[in-house]
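Please look at how the residues of this chain pack together, and where empty space is left between them. The report below takes up one residue and then widens the view.

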Amino acid sequence: MILGFEQLHKDQLVLLVTTLWAIWFSRNKKLFANFDLNTNDTIAWIDSYISDYNAAMAMKNRCSNQQTQSKMGFGAVLLDWQGKVVAGLSAPAAGNLQPLIAEALSLRASLEWCVSIQIPLAVIETDSKLLVDKVLSKKDDFSALADVVEDIRCSFICLP
């Protein structure tokens, strides 16, 4: 595996790591949920995941190239219970914000989108622990983020 990092082309390494992850995921589904994923579904999931990954990386590269022009973008992806992409949202925005504020605005826009199209959500994921802590906190917040965090909290109430 260590040699793979040095000898495999980037696309081959992505395929290898994603395949190993899919095998591990299938194993866990069988052991803990007594659910068998057939080989064709696993292969389709790998293809779909790599496709989504490449699209996200392309968007990331576009966004980082636009950072000097004070442009950024928001995005969200909805997955079903099997991890397949059901819907996606991306929107450009003007500005060059701090990461926490950008994360909060993105989450708010994504939740407003889910409310507007009446999609029920079971799990919401973000990579910003600081934002999660602010949303779940019961303390008064007097930061520049307070209104956006309150909008996020209110969006939870409006979800179907």
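Leaving aside neighbours within four places in sequence, Leu131 is in contact (heavy atoms within 4.5 Å) with Leu100, Glu103, Ala104, Leu107, Val149 and Ile152. This is a predicted model, in which local features need pLDDT (the predictor's confidence in each residue, from 0 to 100) of at least 70 and side-chain atom pairs count only at pLDDT 80 or more, while totals for chains, interfaces and linings use all residues. Residues are numbered from 1 along each chain as its sequence is written, and side-chain values use heavy atoms, with hydrogens and water left out.

Leu131, together with Ala104 and Ile152, has the most contacts inside the largest nonpolar core, which has 18 residues. Such a core is a set of buried (under 20% relative accessible area, 1.4 Å probe, protein chains only) Ala, Val, Leu, Ile, Met, Phe, Trp, Tyr and Cys residues joined through side-chain atoms within 4.5 Å. The elements below (DSSP runs numbered from the N terminus, helices being H or I of at least four residues and strands E of at least two) are among those that each supply at least two residues of this core.

| Element | Residues |
|---|---|
| β1 | 71-79 |
| β2 | 85-94 |
| α4 | 99-116 |
| α6 | 146-158 |

Helix α4 gives the most to this core, with six residues. A second, separate core of five residues includes Val14, Ala22, Trp45 and Ile50.

As for confidence, the chain averages a pLDDT of 80, and 89% of the residues score at least 70; the mean is lowest in helix α1 (residues 2-7), at 67, and highest in helix α5 (residues 129-136), at 89.

How values were computed: Buried means under 20% relative accessible area, exposed over 50%, partly exposed in between (1.4 Å probe, protein chains only).
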